[in-house]
Amino acid sequence: MKKIAVFTSGGDSPGMNACIRAAVRTAVASNLEVFGIHRGYEGMIDNLIYPMAADSVSNIIQDGGTILKTARSARFMTPEGRAIAASNLKVLGIEGLVCIGGDGSYTGANVLQQEHGIKTIGCPGTIDNDLFGTDYTIGFDTAVNTALEAIDKIRDTAESHNRIFFIEVMGRHSGHIALYSGIAGGAEGIFIPERQNELESIIAQYGLPKRQKAFSIFIVAEGDEEGHAYTIAKKFTEAYPGLDTRVSILGHIQRGGSPSANDRILATRLGAAAVLALKEGKQNLAAGIINNQVVFTPFSEAIGRKKDVPMELWATNELICS
Ligand code: F6P
């Protein structure tokens, strides 16, 4: 392998730039020619593929977002779109890809290999932390800390007014951000999609005199099956008329900002490992870190398989709040 390309795909996450930097610099140090693809699979189809050098990634390790930009591509889901993308790569002699993204991005890379033989190593870039084959995904730690900062601030005003706040955090199908930010933020209750039918019991428990506090914080994962924070707040006020509730939806603030030290280190290790793996001829693997060791999981095992949330954390919170 002589030429590789790096791209970011799907929702951005803090630390993607650190991963791009590590991949590009590792490629240069390994005598590989390296390209950057702008706007993920969209750019692969539109031929937005440019040479990169060590100085293309100077002074970006601390930046949120992605210098390569990102996109969710409907065109790449078609065989025609993938054929154009593969042809653009082949004209440039690119044989290997470092794909920084989530499950949908890995799925695209897997199909591209099956149809056109382009080899890919995936680096887990998503704030959701729901990818199989790694303890943590790039951006999760920063997103949790961003949510936590907001929760701490909301706690101040909740206490001043004796209010019950329902704070909605991101996590399309997963409760990792909710669970971690809820534990760290001292939440009274945490609603996550992995824990079904918890609303009735949480509402009932809130009625117990020992659970009644002057003010409370509840965290709701956006993907919780009970509905969004507004729905849950409404059900609380129906059960306890007179309760002074407020809802706060943190939204995309969680996707931005300077990556934490943990995210920069994770991204750097995985970006470098991905390039070295491509150089060794490996392909169609998701890079990850488990028990502080870099590991590779075949796309066929990782794709479509959600990583479980540590339910003992949820139980611990219930115990602490009981
Ligand atoms: O997958 C990351 C994520 O931030 C989810 O938590 C959220 O549901 C989704 O992306 C939002 O996507 P978009 O930015 O396309 O609205």
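Domain bounds here come from an automatic or database domain assignment. That assignment splits the chain into domain 1 (3–139 + 259–304) and domain 2 (141–255). Their C-alpha centres lie 34 Å apart. Where the domains meet, 15 residues of domain 1 are in contact (heavy atoms within 4.5 Å) with 12 residues of domain 2.

This is a predicted model, in which local features need pLDDT of at least 70, side-chain atom pairs count only at pLDDT 80 or more, and totals for chains, interfaces and linings use all residues. Residues are numbered from 1 along each chain as its sequence is written, and side-chain values use heavy atoms, with hydrogens and water left out.

Now the ligand. Its shell (residues with a heavy atom within 4 Å of it) consists of Arg-72, Thr-126, Ile-127, Asp-128, Met-170, Gly-171, Arg-172, Glu-222, His-252 and Arg-255. Both domain 1 and domain 2 supply at least three residues to this shell. Five shell residues are charged, three are polar and two are nonpolar. Asp, Glu, Lys and Arg count as charged, and Gly counts among the polar residues.

Three side chains make polar contacts (N or O atom pairs within 3.5 Å) with ligand oxygen atoms.

| Side chain | Distance to a ligand oxygen atom |
|---|---|
| Arg-72 | 3.0 Å |
| Asp-128 | 2.7 Å |
| Glu-222 | 2.4 Å |

On its own, the ligand has 400 Å² of accessible area (Shrake-Rupley method, 1.4 Å probe), and the protein covers 76% of it.

Conventions:
Polar contact = N/O pair within 3.5 Å; in protein donor to acceptor, adjacent residues only side chain to side chain.
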